[in-house]
Amino acid sequence: AGFARRYGFRDLPQRIRFRPLDRALALFPGDGLQDLKLDLESLAAVPLRPRRVLIVENEVTYLALPALPDTLAIFGAGYGLAVLAQLPWLHRCEIDYWGDLDTHGFVILDELRAVLPPTRSLLMDRATLLAHEPLWAREPSPSRRDLIHLNRDEAELYDDLRFDRLGTAIRLEQELVGFGWVLRRVQESGRPWFKD
């Protein structure tokens, strides 16, 4: 850590991978939905104006997202999402984070909400976890940290996971959540992400 600065080299630029899920937000002409990657500084300068941003952790989920009106998807790929706060246009958006239902998913949500407080969690709830019990796996190294940016329901579920109240080191990876479940839960939440 810090090797490049120590010896006067340039650090590799931080790159953000994103997909405009609405053709009206596309940066280049074409028929398909674009999958792009820009360095943070360039992406900050792009005059994007999505109403919603959906940050997802899994590449399969990211690539499978359908066309959604006025929405941009960002591939989170784990920790380090705090840099997204440097995107000026992001502060004007509704932000949803959909991560794995495990302790590290909640840690990432907590870190993101520390710099982007309006961030909402999507499908990171007890009902989703319990409905997919046959698909639970074991989290290799669960977090035991105290988190301060979760809402009450998130904090209770995080505690259940970190203290093994539902089983030992439980995790539900986001790509295993059934799409029918996703549609129902999003519609129940009042967030018009997906159309029938």
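**Sheet, helices and core of the structure**

Q: How many bridges join S3 to S5?
A: Strands (E, at least two residues) and helices (H or I, at least four) are DSSP runs, numbered from the N terminus. Two strands pair if DSSP finds at least two bridges between them. S3 and S5 run parallel, and Val53 stands opposite Ile95 in S5. The number of bridges joining these strands is five.

Q: What kind of model is this?
A: Residues are numbered from 1 along each chain as its sequence is written, and side-chain values use heavy atoms, without hydrogens or water. Local features need pLDDT of at least 70 and side-chain atom pairs count only at pLDDT 80 or more, while totals for chains, interfaces and linings use all residues, since this is a predicted model.

Q: Which strands stand at the edges of the sheet?
A: The open sheet of six strands has mixed pairing and the order S2-S1-S4-S3-S5-S6. Each edge strand has a single partner strand, so one side of it is left without a neighbour in the sheet. These edge strands are S2 (36-39) and S6 (120-121).

Q: Which residue in S6 is the bridge partner of Tyr97?
A: S5 and S6 pair in the parallel sense over two bridges. Asp96 stands opposite Arg120 in S6. For Tyr97, the bridge partner in S6 is Ser121.

Q: How many of the five residues of S5 are buried?
A: Buried means under 20% relative accessible area, exposed over 50%, and partly exposed in between (1.4 Å probe, protein chains only). S5 is largely enclosed by the rest of the structure, because its buried residues number four.

Q: Which element supplies the largest share of the largest nonpolar core?
A: A nonpolar core is a set of buried Ala, Val, Leu, Ile, Met, Phe, Trp, Tyr and Cys residues joined through side-chain atoms within 4.5 Å. Of its 50 residues here, Ile55, Leu84, Trp89, Leu90 and Phe106 touch the most other members. Elements that each supply at least two residues include strand S3 (52-56), helix H4 (103-115) and helix H6 (152-162). The largest share, five residues, comes from H4.

Q: How far apart are the axes of H4 and H6?
A: Axes are lines fitted to C-alpha atoms, for helices over the stretch in contact (heavy atoms within 4.5 Å). Angles run from 0 to 180 degrees between N-to-C directions. H4 and H6 pack at an angle of about 145°. The distance between their axes is 9 Å.

Q: How many charged residues are in the contact of H4 with H6?
A: Thr103, Phe106, Val107, Leu109 and Arg113 in H4 meet Glu154, Leu157, Tyr158, Leu161 and Arg162 in H6. Ala, Val, Leu, Ile, Met, Phe, Trp, Tyr, Cys and Pro count as nonpolar, Asp, Glu, Lys and Arg as charged, and the others, Gly among them, as polar. By that division, six are nonpolar and one is polar, and the number of charged residues is three.

Q: Is Phe106 buried or exposed?
A: Phe106 is found in helix H4. Leaving out residues up to four places away in sequence, Phe106 touches eight residues' worth of surroundings that include Leu101, Met124 and Leu161. Its relative accessibility is 0%, so Phe106 counts as buried.

Q: What separates the C-alpha atoms of Val83 and Val115?
A: Val83 lies in the loop between S4 and S5, and its 18% relative accessibility means that it counts as buried. Besides neighbours within four places in sequence, Val83 is in contact with Gln14, Ile16 and Leu40. Val115 is 32 residues from Val83 along the chain, and their C-alpha atoms are separated by 8.7 Å.
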